[in-house]
Amino acid sequence: QVQLVESGGGLVQPGGSLRLSCAASGSIFRINAMGWYRQAPGKQRELVAVIPSGGSTNYADSVKGRFTISRDNAKTMVYLQMNSLKPEDTAVYYCNAVVTTTAQAIGDYWGQGTQVTVSS
């Protein structure tokens with residue numbers, strides 16, 4: 001099994017910043033990609049940013065220039081630095097990882113989600 005645990009959400013004023021973190025653990029042979037998705041009330045879950053192992057990052061157009069995704073050297077953690085936050089960024093943010101397990105199975109794993117609220 002693979003577990004993803006997010007932290008760092010909260011309430012912030014428009015124009016402010018937050019940094020989300022996600023730690024992966026468990027029966028991991030290789031993490032192929034990690035990313036962040038978000039889901040606002042009444043809307044579908046959408047990609048925010050993704051960082052593949054050995055590949056280039058990809059961002060949703062709505063967050064380009066404001067959000068930065070990164071991974072640690074051990075590549076078991078992923079971060080999302082969010083600057084210039086807007087009320088429309090309010091959502092539950094989910095960490096995602098595509099993992100090859102020690103049993104050589106490839107799976108898609110999700111964290112429990114962390115709430116980000118941008119409001120004055």
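## Overall architecture

Among contacts in the protein chain between residues at least 6 apart in sequence, what percentage joins residues at least 24 apart? The share is 55%. The model is predicted.

The protein chain has 11 strands and zero helices, so that from the N terminus on its elements read β-β-β-β-β-β-β-β-β-β-β. Its radius of gyration is 14 Å, close to the 14 Å that the globule rule gives for 120 residues, so the chain is as compact as a globular protein of that length. Along the principal axes, the C-alpha atoms fill a box of roughly 50 × 25 × 20 Å. Of the 120 residues in the protein chain, 42% are buried.

## The four-stranded sheet

An open sheet is formed by four strands in the order 1-3-8-7, with antiparallel pairing. Its edges are strand 1 (2-7) and strand 7 (67-71); each has a single partner strand, so one side of each is left without a neighbour in the sheet. On average, and with direction ignored, neighbouring strands of this sheet are turned by 15° against each other. Strands of a sheet pair through backbone hydrogen bonds, in either a parallel or an antiparallel arrangement.

Strand 3 and strand 8 are paired in the antiparallel sense over six bridges. Leu20 stands opposite Leu80 in strand 8. On the way to the edge, strand 8 and strand 7 also run antiparallel and are joined by five bridges. Here Ser70 has Tyr79 of strand 8 as its bridge partner.

## Strand 7 and its hairpin

In a regular strand, side chains alternate between the two faces of the sheet. Strand 7 shows this alternation: Phe67, Ile69 and Arg71 point to one face and are buried, while Thr68 and Ser70 point to the other and are not buried. Ser70, the residue bridged to Tyr79, therefore belongs to the face of strand 7 whose side chains are not buried.

Strand 7 and strand 8 form a hairpin with five residues between the strands. In this hairpin, Lys75 takes a positive phi near 60°.

## The disulfide

The structure holds one disulfide. It joins Cys22 to Cys95, with an S to S distance of 2.1 Å. The link of Cys22 and Cys95 is left-handed, with -80° about the S-S bond. Cys22 lies in strand 3 (residues 18-26) and Cys95 in strand 9 (residues 91-101), so the pair ties together parts that are 73 residues apart in sequence.

Are the two cysteines buried or exposed? Cys22 is buried, with a relative accessible area of 0%. Cys95 likewise counts as buried, at 0% relative accessibility.

## Salt bridges

How many salt bridges does a search of the whole structure find? The search finds four. Side chains of opposite charge can pair when their charged atoms come close.

Arg38 takes part in a salt bridge with Glu46, in which the closest N and O atoms are 2.7 Å apart. Arg38 is buried, with a relative accessible area of 6%, whereas Glu46 is partly exposed at 36%. Arg38 also forms a salt bridge with Asp89, with 3.0 Å between the closest N and O atoms. This pair links distant parts of the chain, 51 residues apart: Asp89 is in the loop between strand 8 (77-82) and strand 9, and Arg38 is in strand 4 (residues 28-39). Both Asp89 and Arg38 are buried.

Asp61 forms a salt bridge with Lys64, the closest N and O atoms lying 3.1 Å apart. Asp61 is exposed, with a relative accessible area of 64%, and Lys64 is partly exposed at 48%. Salt bridges that share partners join Arg38, Glu46, Arg66 and Asp89 into one network.

## Thr101 in strand 9

Strand 9, which carries Cys95, also contains Thr101. Thr101 is buried, with a relative accessible area of 8%. Which residues is Thr101 in contact with, leaving aside its neighbours within four places in sequence? They are Val2, Ser27, Phe29 and Tyr109.

Definitions and conventions. Residues are numbered from 1 along each chain as its sequence is written. This is a predicted model: local features need pLDDT of at least 70, side-chain atom pairs count only at pLDDT 80 or more; totals for chains, interfaces and linings use all residues. Side-chain values use heavy atoms; hydrogens and water are left out. A disulfide is a pair of cysteine sulfur atoms within 2.5 Å. Helices (H or I, at least four residues) and strands (E, at least two) are DSSP runs, numbered from the N terminus. Buried means under 20% relative accessible area, exposed over 50%, partly exposed in between (1.4 Å probe, protein chains only). A salt bridge is a side-chain nitrogen of Lys or Arg within 4 Å of a carboxyl oxygen of Asp or Glu. Two strands pair if DSSP finds at least two bridges between them. Axes are lines fitted to C-alpha atoms, for helices over the stretch in contact, and angles run from 0 to 180 degrees between N-to-C directions. Contact means heavy atoms within 4.5 Å. The radius of gyration is taken over C-alpha atoms; the globule rule is 2.2 Å times the number of residues to the power 0.38.
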